[in-house]
Amino acid sequence: MVSLRGALWVTLLAACGGQHVVLSEPAAPPAAGFLLSVTYDDLPFQEALAPADGALGGTSRLLAALTARSIPAVGFVNCDRGGDEVLRLWRAAGLELGNHQANHDNLNRVPLETWLDGARRCHEALKVYNPPRFFRYPYLFQGKTVEVRDAAYAALRGELGQTIAHVTIDNHEWRLAQLYSEALAAGDVARAEAVRGEYIPHLLAATANARTVAQKKLGREVAQVLLLHANALSVELAGPLMDALAAEGARFVPLEQALADPVFTLPDAYVGPAGISWLYRFEPVVSAWTWEDETWTDLEARYNPPPPPP
């Protein structure tokens, strides 16, 4: 198992003529500083995972932590979920809202035109708040076939003029939030606190993993884009998380500055069912994501073990 207590890195092993790589072997993270854009998905809020003070109270606390540190985060909205008051709080804080498709539809499971209709409706709805510049694929799924992948991208870029907000630091933060909420609901305070204690180390490890993948594939640091979600844990730990990332060398920048890194202009070479980091999608395509899989297995074994046999 990969430990979550320290920063990790991975070695890329070339295979299949250099076109696919596999991730393995944790070691020390890169030492240099790096640019980082922070993004939050599933606005107005993951209601089932909201803190005790609800979506409005939680949003106010999250935004206070971000603005106190001058972090130019972007929130990605599922526009059919309402939440006008929450979205106006984001704008009042000077933070931008992006398109996360109206219903959070999965491009791998719904017809392309249904999915695009949701993207178009959200694009129009966001105009009330700010000119919608960025689009984030729900689940990071970009289509299981070349035809769907390319048609969706062409419509987003050409018809809507959206910039794709690719993610480089993918992680299991959303699952930790679920496990935390489940533990609290069960009255298991000790387990909830243990899950809470995993949050920052997990995200630091995910960041170290992404930085190492970039170094191994491109030989340099790249601007990173961190995926988080609007939930109770992200509210409670926003400030400490940002401080911990800064201590690791993060320099927080607007999303448009991060996306100006040439890494985001590389051709998308991945077609398949997975929702994966952008760093895995361009050549050489990563065909196995060991850090993600092993970390998931570790978290589930410790915080969601199967019930004992009857």
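Is Glu159 buried, partly exposed or exposed? In this predicted model, Glu159 counts as partly exposed, at 48% relative accessibility. The close-up views below begin with the salt bridge of this residue.

**Figure 1. Salt bridge between Glu159 and Arg120.** The two side chains meet with an N to O distance of 2.7 Å. The pair links distant parts of the chain, with Glu159 in helix 4 (residues 146-159) and Arg120 in helix 3 (residues 112-126), 39 residues apart. Arg120 has a relative accessibility of 25% and counts as partly exposed, as does Glu159 at 48%. A search of the whole structure finds 21 salt bridges; the pair of Glu159 and Arg120 is a salt bridge of this kind. Side chains of opposite charge can pair when their charged atoms come close.

**Figure 2. Salt bridge between Glu256 and Arg133.** The closest N and O atoms of this pair are 3.2 Å apart. Glu256 belongs to helix 9 (residues 255-259), whereas Arg133 lies in the loop between helix 3 and strand 6 (134-135), so the salt bridge ties together parts that are 123 residues apart in sequence. The relative accessibility of Glu256 is 38%, which counts as partly exposed. Arg133, with a relative accessible area of 34%, is also partly exposed.

**Figure 3. A salt-bridge network of Asp80, Asp117 and Arg121.** These residues are joined into one network by salt bridges that share partners.

**Figure 4. Salt bridge between Asp53 and Arg61.** The side chains meet at 2.9 Å, N to O. Asp53 has a relative accessibility of 37% and counts as partly exposed. For Arg61 the relative accessible area is 36%, and this residue is partly exposed.

**Figure 5. Aromatic pair of Tyr270 and Trp289.** The structure holds nine aromatic pairs. In the pair shown, the rings of Tyr270 and Trp289 are arranged edge-to-face, with 6.5 Å centre to centre and 75° between the planes. The partners come from distant parts of the chain: Tyr270 is in the loop between helix 9 and strand 10 (285-288), and Trp289 is in the loop between strand 10 and helix 10 (290-303), 19 residues apart. Both Tyr270 and Trp289 are buried.

**Figure 6. Aromatic cluster of Trp115, Phe135 and Tyr137.** Ring pairs link these residues into a cluster.

**Figure 7. Charged side chains over the rings of Phe76 and Phe282.** The charged end of Arg136 sits over the ring of Phe76, at 4.5 Å from the ring centre. In the second view, the charged end of Lys217 sits over the ring of Phe282, at 4.2 Å from the ring centre.

**Figure 8. Cis peptide bonds at Pro44 and Pro284.** Most residues other than glycine have a negative phi, and most peptide bonds are trans. The bond from Leu43 to Pro44 is cis, with omega near 15°. Pro44 occurs in the loop between strand 3 (34-43) and helix 1 (54-68). The bond from Glu283 to Pro284 is likewise cis, with omega near -5°. Pro284 occurs in the loop between helix 9 and strand 10, the loop that also holds Tyr270 of the aromatic pair.

**Figure 9. Positive phi at Gln101 and Tyr139.** Gln101 is not a glycine, yet its phi is positive, at about 70°. This residue is found in the loop between strand 5 (96-99) and helix 3. At 0% relative accessibility, Gln101 counts as buried. Tyr139, also not a glycine, has a positive phi of about 65°. Its place is in the loop between strand 6 and helix 4. Tyr139 has a relative accessible area of 45% and is partly exposed, whereas Gln101 is buried.

**Figure 10. Surroundings of Thr207 in helix 6.** Thr207 is placed in helix 6 (residues 189-218). With a relative accessibility of 4%, Thr207 counts as buried, because buried means under 20% relative accessible area. Leaving aside neighbours within four places in sequence, Thr207 is in contact with Phe34, Ile169 and Leu245.

Terms used: Residues are numbered from 1 along each chain as its sequence is written. This is a predicted model: local features need pLDDT of at least 70, side-chain atom pairs count only at pLDDT 80 or more; totals for chains, interfaces and linings use all residues. Side-chain values use heavy atoms; hydrogens and water are left out. A salt bridge is a side-chain nitrogen of Lys or Arg within 4 Å of a carboxyl oxygen of Asp or Glu. Buried means under 20% relative accessible area, exposed over 50%, partly exposed in between (1.4 Å probe, protein chains only). Helices (H or I, at least four residues) and strands (E, at least two) are DSSP runs, numbered from the N terminus. Rings of Phe, Tyr and Trp (its six-membered ring) pair if their centres lie within 6.5 Å; planes under 30 degrees apart count as stacked, over 60 as edge-to-face and the rest as tilted. A charge sits over a ring if NZ of Lys or CZ of Arg is within 6 Å of the ring centre and within 35 degrees of the ring normal. Contact means heavy atoms within 4.5 Å.
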